[in-house]
Structure formats: structure tokens, C-alpha cells
Amino acid sequence: MTEQTRIPVPDADVLPTGTQPRGGSLIERAAGRATLAAAPPPVLPLGQPRRPVVAAAIARAEAPEVSPSVPQSEPAPATPTATAAPRRHTGPRMRIDRAHLREQCLIEPDGPVTGLLEEFRIIKRQLLLTVSEARGTEDASVGRRILICSAHPGEGKTFCAVNLALSIAAEKNNEVLLVDADIAKPSVLSTLGLPGGPGLMDALADPNIAVEDCIMATDIPGFYVLPAGNQTGSDTEYLASARTEDVLDRLDRAILSDWDAGRPGRNRIVIFDSPPALAASPASELAMHVGQAVMVVRADRTGEAALRDALNILSGCDDIRLLLNCTKFSPTGRAFGSYYGYKE
Ligand SMILES: Nc1ncnc2c1ncn2[C@@H]1O[C@H](COP(=O)(O)OP(=O)(O)O)[C@@H](O)[C@H]1O
Ligand SMILES: [Mg+2]
């Protein structure tokens, strides 16, 4: 039995008219009504050093229908910030232990070319294409924000968010600010081996805290991290407030490049490691502030009903992609990491 058959086949009455209950790719069956890119989604084997062979694929999902059960609040009007001068980042610069990255199966900057690296190169390319399409339009700022979400915990949001961020930071023309937005269970800092610090929620809750001062610069050129900060019990309300767009706008425009003097003029991509859509309400609020959302689908775990529900919750974002994570085979036979001299 292949990994694809592990997703429970839903009852026929759950499927929309005309949808085939069997056949097609995992994503097609898992997403049901989601219309994917014309070409079949690439299924890419990852070259993980000490883990089972896993794989990821990314494809665009059609904007989900709005579920009546999901409250659809309008995004709060943004506080006018157009005239506010971008503030210079003054936070600490942290060293990221490369051995720790290897242990966590993360992309190692300036490390060997691995299958993992190759996979995320392909995944980021599709996302960056959309970012560049938004450039020059009035959506340019929001277009540079990418939310990484999934239905449930443990499906690979943080794994994908961190790897995607490291992969984009390696680009000559881009820099990345990785925001830990899983307020209840933040894990970006521990995944990267970084110490805790004030972050997003502190800046949202207290107007006297400048979010720029919470950003951690790192010794990886072009790679910055914003911790989640302290949980408040009113996280969703803070995220739904007008201040959120103001804070995110500051993240878009903060002057960060002092530590990377050799790489001026880069485009900033802001990546949010989201809470799980079905376990915490902030995901739906965050979705209203991003240009793209990536829904991580764990091949051995995510069920179709959960995926549909999660897509509905993210309906504030009209560009949602599915990223198939942890498959154990490649139907197309792609095998990055085991060919052309790449080392596992
Ligand atoms: N493609 C993958 N290959 C190997 N390990 C993975 C992969 N995706 C997720 N994991 C591991 O699964 C666990 C849960 O992933 P995580 O990213 O923390 O999930 P989430 O953030 O959705 O709760 C972590 O230990 C992570 O390293
Ligand atoms: Mg996580």
C-alpha cells in the first residue's frame, strides 16, 4: 500500500458533484474541490539524513468556498502608516549553530547540496514567482507575506516554514523575516536553537513596544527571526485589531540590513509559521494579512474533511497552495539527493 491510500477516502456524499472519490493524485483527492495547477504537482523526494524518505509537492488550491460556520470578519482597517518612517532594527544578532540545523534536518546555509535543498528550491520558486507578480501593484507589500499553515499540529508547518525561510535567505536578491506566529506553541526558536525573547504578541499587546526591537538578526545573511512573544489569552482579539496591519507593515519596512552590509537592496519576504487552522483561531486572522498561504498536508495524517475545513478557515487569503509533506515515494520517479553526486 502506498502513502496515498492512507488518506481516508471520504463518504461519497461529502464529495462535491462530479468529484471522483478515487484516483488522481493525493492532493487532488485530499483537496476534493480544490483545482490544482494544470500540470500535475511535482512530487519530490527529500534527502533527509536520519529520517525516513519523505517528500513534498506544492500546488495551488482554488480559493475555498466560505463555510457558513466560519465567522468572516472584515480585516480591520489599517492604522495609517504611510507617512511613518521605517524604523531601524536594533535587536541582537544571534549565532545559529549549523550542527543543530543538521540535527533538525534543516537546510544548512553554505552546506552541501542535498535533496532537501533541491526540493525547497522548487517550492520557493513558485512562491517567489507570485511575489514578483505582485511587485509594483498595490498588493506588493501584502504579496510578500506568506503564511505556512496546516489543519492540525505536527503536520510540518514549522519544518516547512524554517526550511523555506532558509532557502529564500540563500537567494542573492531576497532576505527573509521568519515570524513565529504559533503563539500558543511557538517552536521556531527551539527548532533553530535560539533563545527566547519578546516578539509579535508583545508588540501587538503593548503599543510602547516597537516590533523592530524584537527582531533577531542572525549570522545567516538575510535571515531574521521574530519570536512569538508572550501569549495573552486575547491573542485572536489582538490579531483582529487595527494594530496588526500597522505592526506587519513595520515588519515589511524595518531597516534590517546593517548586519548584511554586503547585500543591499534586497526584497524582503515575511514568512509566518501559523498555528494549526483547526486548533487555534488566529490562523484565520493571519490569513487576511498575507498574499499567499501554504497549507501543509501530511501524507500519512491529514484527512480530507480536515483539509477542507482548514481551507475554509483560511478563506481570508485568496491564494492558497497545498504542500504535500512526508510522502514516502515519488510517482514520477524524481529522486533529488540520490543522483548527480548529491549527498544524502
Ligand atoms: N518532511 C519532513 N521530513 C522529516 N521530518 C519532518 C518533515 N516534516 C515534519 N517533520 C518532523 O515532524 C515533526 C512535526 O513537524 P512540525 O514542523 O513541528 O509540525 P507543526 O509545526 O505543524 O506542528 C517535527 O519533528 C519535524 O521535524
Ligand atoms: Mg510548529
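How many bridges join strand S9 (residues 292-298) to S10? In this predicted model, six bridges join the two strands, which run parallel. One of these pairings links arginine 298 to asparagine 325, its bridge partner in S10. Strand S10 itself spans residues 320-325 and is mostly covered, six of its six residues being buried. Ile320, Leu322 and Leu324 point one way from S10, whereas Arg321, Leu323 and Asn325 point the other way, and all are buried. Asparagine 325, the partner of arginine 298, is thus among the buried residues of S10.

The overall composition of the chain provides the setting for these strands. The secondary structure comes to 11 helices and 10 strands. Of the 344 residues in the chain, 46% are buried. Among contacts between residues at least 6 apart in sequence, 80% join residues at least 24 apart. The largest nonpolar core contains 86 residues, of which Ile148, Ala165, Ile271, Met295 and Leu314 touch the most other members. Helix H5 supplies the largest share of this core, with nine residues.

A further set of pairings involves strand S8 (residues 267-273). Strand S8 is mostly covered, with six of its seven residues buried. Strand S5 (residues 174-180) is likewise described as mostly covered, and six of its seven residues are buried. Seven bridges join S5 to S8, and the two strands run parallel. Within this pairing, isoleucine 271 in S8 is the bridge partner of leucine 178, and valine 179 stands opposite phenylalanine 272 in S8. Isoleucine 271 also appears among the core residues that touch the most other members.

Strand S8 is also paired with strand S4 (residues 145-150), through four bridges and in a parallel arrangement. Here the bridge partner of isoleucine 148 is aspartate 273 in S8. Isoleucine 148 is, in addition, one of the residues with the most contacts to other members of the largest nonpolar core. Strand S5 has a further pairing with strand S7 (residues 223-226), in which four bridges join strands that run parallel. Valine 179 has leucine 226 as its bridge partner in S7; valine 179 also stands opposite phenylalanine 272 in S8.

Isoleucine 269 was examined individually within S8. This residue counts as buried because 26 C-beta neighbours lie inside 10 Å. Leaving aside residues up to four places away in sequence, isoleucine 269 touches Val131, Arg144, Ile146, Ile168, Asn174 and Val176. The C-alpha atoms of isoleucine 269 and aspartate 252 are separated by 8.0 Å, although the two residues are 17 residues apart along the chain.

Two packed helices are described by the angle between their axes and the distance between the axes. The axes of helix H3 (residues 115-134) and helix H5 (residues 157-169) come within 9 Å and cross at roughly 80 degrees. H3 is therefore roughly perpendicular to H5. On the H3 side, the contact is formed by Leu116, Leu117, Phe120, Arg121, Ile123 and Lys124, which meet Asn163, Leu164, Ser167 and Ile168 in H5. By class, six nonpolar, two polar and two charged residues take part in the contact of H3 with H5. Ile168 of H5, which belongs to this contact, is also touched by isoleucine 269.

Helix H11 (residues 304-313) is mostly covered, seven of its 10 residues being buried. The buried residues in H11 are Glu304, Ala306, Leu307, Arg308, Ala310, Leu311 and Ile313.

Backbone conformation was also considered. Most residues other than glycine have a negative phi. Cysteine 105 has a positive phi, near 60 degrees, in a residue other than glycine. Aspartate 110 likewise is not a glycine, and its phi is positive at about 60 degrees. Cysteine 105 is found in the loop between helix H2 (98-103) and H3, and aspartate 110 is found in the loop between H2 and H3. In terms of burial, cysteine 105 is partly exposed, because 18 other C-beta atoms lie within 10 Å. Aspartate 110 is exposed, because 8 other C-beta atoms lie within 10 Å.

Conventions. Residues are numbered from 1 along each chain as its sequence is written. Chains are lettered from A and ligands numbered from 1 in the order in which they are written. This is a predicted model: local features need pLDDT of at least 70, side-chain atom pairs count only at pLDDT 80 or more; totals for chains, interfaces and linings use all residues. Axes are lines fitted to C-alpha atoms, for helices over the stretch in contact, and angles run from 0 to 180 degrees between N-to-C directions. Angles under 35 degrees count as roughly parallel, over 145 as roughly antiparallel, 65 to 115 as roughly perpendicular and the rest as oblique. Two residues are in contact if their C-beta atoms, placed from the backbone, lie within 7 Å. Ala, Val, Leu, Ile, Met, Phe, Trp, Tyr, Cys and Pro count as nonpolar, Asp, Glu, Lys and Arg as charged, and the others, Gly among them, as polar. A residue is buried if 20 or more other C-beta atoms lie within 10 Å of its own, exposed if 12 or fewer, and partly exposed in between; C-beta atoms are placed from the backbone. Two strands pair if DSSP finds at least two bridges between them. A nonpolar core is a set of buried Ala, Val, Leu, Ile, Met, Phe, Trp, Tyr and Cys residues joined through C-beta atoms within 7 Å.
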